[in-house]
There are 4 protein chains.
Amino acid sequence: MPKKNSAHKITRHMLEQDSFSKWLGVNIVEAEPGRSVLRIRIRDEMVNGFGVTHGGVTFALADSALAFAAGSHGRVSLALDNKITFVKPVNTGDSITAIAEEEHRGRQIAVYNVTVKNQNNTVVALMRGTVYRTNREFSF
Amino acid sequence: MPKKNSAHKITRHMLEQDSFSKWLGVNIVEAEPGRSVLRIRIRDEMVNGFGVTHGGVTFALADSALAFAAGSHGRVSLALDNKITFVKPVNTGDSITAIAEEEHRGRQIAVYNVTVKNQNNTVVALMRGTVYRTNREFSF
Amino acid sequence: MPKKNSAHKITRHMLEQDSFSKWLGVNIVEAEPGRSVLRIRIRDEMVNGFGVTHGGVTFALADSALAFAAGSHGRVSLALDNKITFVKPVNTGDSITAIAEEEHRGRQIAVYNVTVKNQNNTVVALMRGTVYRTNREFSF
Amino acid sequence: MPKKNSAHKITRHMLEQDSFSKWLGVNIVEAEPGRSVLRIRIRDEMVNGFGVTHGGVTFALADSALAFAAGSHGRVSLALDNKITFVKPVNTGDSITAIAEEEHRGRQIAVYNVTVKNQNNTVVALMRGTVYRTNREFSF
């Protein structure tokens, strides 16, 4: 199977099994080896007390994109460590897109950068995360 | 009003207004100036495709605790930057507690450390975050 | 004065005043508004007990690039928070280059990404940092 | 050999081999399994253009403390990822102490928190880092 199709198949499989990403309403925009682009629309139940999207929602979207990009090669990968920087507020009704890109992939450690943009293509958050690559392959 | 009562009142107010924290099922365990302890029970809809709690859920609980600890002094504070380190998986049915503690509070910048533990008192995640303290006071 | 020349002038000025960057042997490769590219050659006294470059040296080069990029607009900026991810060892005799790029610049907060590469154009470290922009202008 | 003596012996060995830590003038204050306390005095050549200690110097001290704490168990450990938060400026002549403490130690991953204080016991920087534990033992 071509690698790109395989990445798409793994990403769809990961999303189908992922209850919280489904609750978020994640749509797969792109799925390639080492790359994942996901989008959600912000609902009223996703905001905090300041009327802006809870940091946990933005983080969760970025984290799913990172996990799908890391998993796209077929190996189960575990998040070690993520840093997120919030640069603009996100409001109810906004549509936000997380673009996860592989920056390094070693035998056991890989690093991903995730840019989160709103519907006006403005960056709202930046994340970088490190994963530990297990020896387990996805089975499905 | 004594500072401790004020911190509790602000924390309760922040939680009441915070739709996503309510969706998470956040319980306030402690609320003091510069300190917030919050607890949730993990539901089936909070897990990812590996059957463990989505990183976004653990992050969100820690982020709410951080926000409530930062807000406890009465000033609206905005998250700039958080790093979370995941050390143990969290499962459905687990009860996790986030303990946010102030490590530094300057005029405009404050820093919080958040330790997340499960029901067996085992550390599952560690977060540190920086906030920008605005000049706005909470009004309610 | 054109902005690009101004950025170069500020960068040169910052380097001249910066004793530790001079000890590192920093060379300015590029200086533009919001962008700084710096290079050093690793000397014997910069390595740790494993015979590879001390993380503090790689960090310091990236941090100087970040500081010069942040300062290039003429406002004194203070580092709040940096995360560095180490992906490849750096050896004595290697030449490493830090490329700092502005990802966000608000009124008081700005965010920079720094990629550190060796002489073979291989990424050795990745940093992202947040600065607080004071109201003070550089004077010289 | 008692574990505490062994930790001290490994720490002394790591420092002896570590050219950059020696350039920094590192003194070992404490060395125990999973814990390292190091101190340096800030010299003129360690400051940046603002007349305050270069972030790379503070980071380097914290990074050495983290590395020594991680190495204290006898296994060679490699830094993956560190975040440092700067909270107070450090000046020439100041004496700063980094206290590295183990927060988690798994089979392959361990996490350390490092608090850096000045001679007045004021916190100047906070770091948290993740290391990968190789299977190699220190030999000396």
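Which residue of β3(B) does A:Thr85 stand opposite? The views below, taken from a predicted model, get to that pair first and then work outwards.

**View 1. Two strands meet across the chains.** The partner of A:Thr85 is B:Asp81, which sits opposite in β3(B). To find the place, look for strand β3 of chain A, residues 75-86. This strand and β3(B) run antiparallel, and five bridges join the two.

**View 2. Chain B's side of the contact.** Here's what each chain brings to the meeting: 28 residues come from chain B and 28 residues from chain A. On chain B, the elements that give two or more residues to the side touching chain A are three helices and a strand: α1 (3-17), α2 (19-24), α3 (55-71) and β3 (75-86). β3(B) hands over the largest share of that side, eight residues. Sort the side of chain B that touches chain A by class, and you get 12 nonpolar, 10 polar and six charged residues.

**View 3. The same surface on both copies.** Of the interface residues of chain B, 100% are also interface residues in chain A, so the copies meet through the same surface.

**View 4. Looking for the axis.** Turn chain B by 180 degrees, with 0.0 Å of shift along the axis of rotation, and chain B superposes on chain A with an RMSD of 0.0 Å. That is how a two-fold axis relates two copies. For a landmark, try B:Lys83: in chain B, the C-alpha nearest the axis belongs to this residue, 2.0 Å away from the axis.

Conventions: Residues numbered from 1 in each chain as written. Chains lettered and ligands numbered in written order. Predicted model: local features only at pLDDT ≥ 70, side-chain atom pairs only at ≥ 80, totals over all residues. Least-squares fit on C-alpha atoms with pLDDT ≥ 70 in both. Contact = placed C-beta atoms within 7 Å. Helix = DSSP H or I, 4+ residues; strand = E, 2+ residues; numbered from the N terminus. Nonpolar A, V, L, I, M, F, W, Y, C, P; charged D, E, K, R; others polar. Pairing = 2+ DSSP bridges.
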